[in-house]
Amino acid sequence: MTTSIKTTAVFLRPFRLPSFNETLPEGEYEIETELSQPVDRIEPASWTSSVLVRLHPRASHPGLSRTLTVPLAELEHAVAKDKLTGKALIDFFLEEMLADPMIRLVMQADGVAEADLRDLYARQPDRRHAGPDGRRPAREAGNTGPGAEGRHAGIGK
């Protein structure tokens, strides 16, 4: 049995899909997601999901309609990257995490500041003031967590 879902994806800038050797222009794309279930339905991990993307016609062939079938993960990756306007996926993860109210409550309870997490997930950490182990001392790192010197005296000691 195959289930099909039709939707539209909007790209704000040109993008690439790893399984297709062409840069696709920005714009709206009709998407058809197909989820094929194996006959035995025993192992959901073996189910395959693919996406049919209706491509824009080329200027050289305006009447030619083209479609492309790609793995769902490739399209999701391209959409996430487009949303980020070039940021790395780790930045996307961090922004989504910081937008979660439950994460904010845990951070508040643990005395962890947003700057601490941003520093932790920074792609290019500043190693000028790093010690021999590659880590910066808590005070220089801007750490305001429970282990930072002068903060929450007596807690965690």
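## Cores, rings and salt bridges in a predicted model

The largest nonpolar core has 15 residues. Within this core, Leu17, Tyr29 and Val53 have the most contacts. Five elements give two or more residues each: strand 1, strand 2, strand 3, strand 4 and helix 1 (72-83). Strand 3 gives the most, with three residues. The structure is a predicted model.

Leu17 shows what such contacts look like. Neighbours within four places in sequence are left aside here. Leu17 is then in contact with Leu24, Leu68, Val70, Glu74, Leu75 and Ala78. A second core is separate and has five residues. Among them are Met97, Leu98, Met107 and Leu117.

Aromatic rings were examined next. A pair of rings is described by the distance of the centres and the angle of the planes. The count comes to three aromatic pairs. One of these is formed by Phe11 and Phe15. This pair is stacked, with 3.7 Å centre to centre and 10° between the planes. Phe11 counts as buried because its relative accessibility is 3%, and buried means under 20%. Phe15 is also buried, with a relative accessible area of 8%.

Phe15 forms an aromatic pair with Tyr29 as well. Here the geometry is edge-to-face: the centres are 5.4 Å apart and the planes are at 85°. The pair links distant parts of the chain. Phe15 lies in the loop between strand 1 (2-11) and strand 2 (27-36), whereas Tyr29 lies in strand 2. The two residues are 14 residues apart. Both are buried. Phe11, Phe15 and Tyr29 form one aromatic cluster. Tyr29 also belongs to the largest nonpolar core, as one of the residues with the most contacts inside it.

Charged side chains were then considered. A search of the whole structure finds seven salt bridges. Glu22 takes part in one with Arg58, where the closest N and O atoms are 2.8 Å apart. Glu22 lies in the loop between strand 1 and strand 2, and Arg58 in the loop between strand 3 and strand 4, so the bridge ties together parts that are 36 residues apart in sequence. Glu22 counts as buried at 18% relative accessibility. Arg58, at 40%, counts as partly exposed.

Glu22 forms a salt bridge with Arg66 too, the closest N and O atoms being 3.2 Å apart. This pair again links distant parts of the chain, with Glu22 in its loop and Arg66 in strand 4, 44 residues apart. Strand 4 covers residues 66-71. Arg66 is buried, with a relative accessible area of 17%. Residues up to four places away in sequence are not counted among its contacts. Arg66 touches Phe20, Glu22, Val53, Arg54, Leu55, His56 and Arg58. Glu22, Arg58 and Arg66 are thus linked in a network of salt bridges.

Pro57 lies in the loop between strand 3 (48-55) and strand 4. At 47% relative accessibility, Pro57 counts as partly exposed. Pro57 touches Pro62 and Leu64, with residues up to four places away in sequence not counted. Pro57 and Thr67 are 10 residues apart in sequence, and their C-alpha atoms are 9.7 Å apart in space.

Another salt bridge joins the side chains of Arg104 and Glu114, at 2.8 Å from N to O. Arg104 lies in helix 3 (residues 101-110) and Glu114 in helix 4 (residues 114-120), so this pair ties together parts that are 10 residues apart in sequence. Arg104 counts as partly exposed at 33% relative accessibility. Glu114 counts as partly exposed at 28%.

Notes
Residues numbered from 1 in each chain as written. Predicted model: local features only at pLDDT ≥ 70, side-chain atom pairs only at ≥ 80, totals over all residues. Heavy atoms only, no water. Helix = DSSP H or I, 4+ residues; strand = E, 2+ residues; numbered from the N terminus. Contact = heavy atoms within 4.5 Å. Buried < 20%, exposed > 50% of the residue type's maximum accessible area, 1.4 Å probe, protein only. Phe/Tyr/Trp six-rings, centres within 6.5 Å; stacked < 30°, edge-to-face > 60°. Core = buried A, V, L, I, M, F, W, Y, C linked by side-chain atoms within 4.5 Å. Salt bridge = Lys/Arg side-chain N within 4 Å of Asp/Glu carboxyl O.
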